Amino acid sequence: MIRRPEPVQVVKQRRDATLQRLVTGVPYIQFLGIKIDRRGDELTGILPYADKLIGNPALPALHGGVTAAFLEVTAIVDLTWAMIWEDMEAGRLTDDTPRIPLPKTIDFTVDYLRSGLPRDAYARARINRSGRRYASVDVETWQDNRQRPFAKATGHFLMPARDG
Amino acid sequence: MSAEDKSRRDRIARQFIEAIPHARELGMALTEIGDGMAEIGMDYDARLVGDPETGVIHGGAVSTLMDTCAGAAVMSHAIAPAATATLDLRIDYMRPATPGERITARAECYHVTRSVAFVRATAVDGDPSRPVATATGAFTLERAKT
């Protein structure tokens, strides 16, 4: 028997609700004001500019720690998203599913290429490898010009124990 | 170092923290400053939680504390830099910080060249014998014009 594809709004609703649950549950993501934009399975972190994110008022420039945090948040959300994708698509994640466990950062190295300007920033991650236990993720952030990232990072993560 | 130099250094280092909006936002406080070293504390804050299940502070907030502390260590160096910026910073997360406890970072500039400062930092919570995280980084060193 051929299964009919699910209606698009059902698929979208499920994906967006899962992503919302992932992002709104973390106070620090809310504190920095980070949003996650989704196109299919691709995620983009968005850090809307706020005065409280400034680290050098003389330039002015975003705090290097904020840049690092934005990169780390984007990497973790992207990694978690990839981890749960199959279960979500198969409808195995429901409102009754216990909270989604998050990967834990082992190390994180940030390369600061230029100063972060006082405007919105965007970030995208690429998973180099995601094993059962460990994962390696590259992530970069840019502002006005996608070809000119102002910081890049690589991190290693410990994946949560999963059933099955 | 003369008393005048010392007070000048202390003043610059304190202003360094107070003038940083994001460091103020996180409630950072400079607790010690020396020649090329700094110690900065940050109280536990529920807004900074990264894992709601455990209440553990997000690694990003610890990064920010380490970066700020490392920058303060560079600024307090005896050569009196005019400014500094992070070139790269690597953080190793050794264990989750205990929820509810203050986190304290200590950074030292262990080597400086004409234009670069190399910095190491360690963060601890209520149990200083077991560090929460360590960091190493390279910072730019902009010398004051003479």
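A nonpolar core, as the term is used on this tour, is a set of buried Ala, Val, Leu, Ile, Met, Phe, Trp, Tyr and Cys residues joined through C-beta atoms within 7 Å. Keep that in mind for a later stop. The model on your screen is predicted, with an ipTM of 0.91 and a pTM of 0.93.

**Stop 1: chain B on its own**

Start by hiding chain A and colouring chain B by confidence. The pLDDT of chain B averages 91, and 95% of its residues score at least 70. Switch to a cartoon and you will find three helices and 10 strands. Following chain B along the sequence, the order is α-α-β-β-β-β-α-β-β-β-β-β-β.

Now turn the C-alpha trace of chain B about its principal axes: the spans are about 55 × 25 × 25 Å. The radius of gyration of chain B is 15 Å, which agrees with the value near 15 Å that a compact globule of 146 residues would have. Of those 146 residues, 44% are buried. Take the contacts in chain B between residues at least 6 apart in sequence, and 65% of them join residues at least 24 apart.

**Stop 2: the core**

Show both chains again and select A:Phe70, B:Ile40, B:Val62, B:Leu65, B:Met66, B:Cys69 and B:Ala70. These residues have the most contacts inside the largest nonpolar core, which has 79 residues. Helix H3 of chain A, residues 64-89, provides the largest share of this core, with 12 residues. In soluble globular proteins, nonpolar side chains tend to be buried together.

Centre next on B:Met66. Leaving aside residues up to four places away in sequence, B:Met66 touches B:Ile91 and five alanines: B:Ala105, B:Ala121, B:Ala123, B:Ala133 and B:Ala135.

**Stop 3: where the chains meet**

Select the residues of chain B that touch chain A. Here 30 residues of chain B are in contact with 30 residues of chain A. On the chain B side, at least two residues each come from helix H2 (21-25), strand S3 (49-51), helix H3 (59-75) and strand S6 (86-93). Which of these elements gives the most to the side of chain B that touches chain A? The answer is S6(B), with eight residues. Colour this side of chain B by residue type and you get 13 nonpolar, nine polar and eight charged residues.

Stay with S6(B) and add strand S5 of chain A, residues 104-112: the two strands pair in the antiparallel sense over five bridges. To find your place in this pairing, pick A:Asp107, which stands opposite B:Asp92.

**Stop 4: a run of strands in chain A**

Move on to residues 121-130 and 134-142 of chain A, which are strands S6 and S7; they run antiparallel and are joined by eight bridges. S6(A) and S7(A) form a hairpin, with three residues between them. For a landmark, select A:Ala125 and its bridge partner A:Val139 in S7(A).

Then add residues 151-158, strand S8 of chain A. Eight bridges join S7(A) to S8(A), and these strands too run antiparallel. Here the landmark is A:Ala135, whose bridge partner in S8(A) is A:Phe157.

**Stop 5: A:Arg38**

Finish at A:Arg38, in strand S1 of chain A, residues 35-39. Is A:Arg38 buried or partly exposed? A:Arg38 is partly exposed, because 15 other C-beta atoms lie within 10 Å, whereas a buried residue needs 20 or more. Beyond residues up to four places away in sequence, A:Arg38 touches A:Arg15, A:Asp16, A:Leu19 and A:Leu43. For a last distance, go from A:Arg38 to A:Met83: they are 45 residues apart in sequence and 16 Å apart in space, C-alpha to C-alpha.

Methods: Residues numbered from 1 in each chain as written. Chains lettered and ligands numbered in written order. Predicted model: local features only at pLDDT ≥ 70, side-chain atom pairs only at ≥ 80, totals over all residues. Contact = placed C-beta atoms within 7 Å. Helix = DSSP H or I, 4+ residues; strand = E, 2+ residues; numbered from the N terminus. Nonpolar A, V, L, I, M, F, W, Y, C, P; charged D, E, K, R; others polar. Pairing = 2+ DSSP bridges. Rg over C-alpha atoms; globule rule 2.2 N^0.38 Å. Buried ≥ 20, exposed ≤ 12 C-beta atoms within 10 Å, placed from the backbone. pLDDT = per-residue confidence, 0-100.
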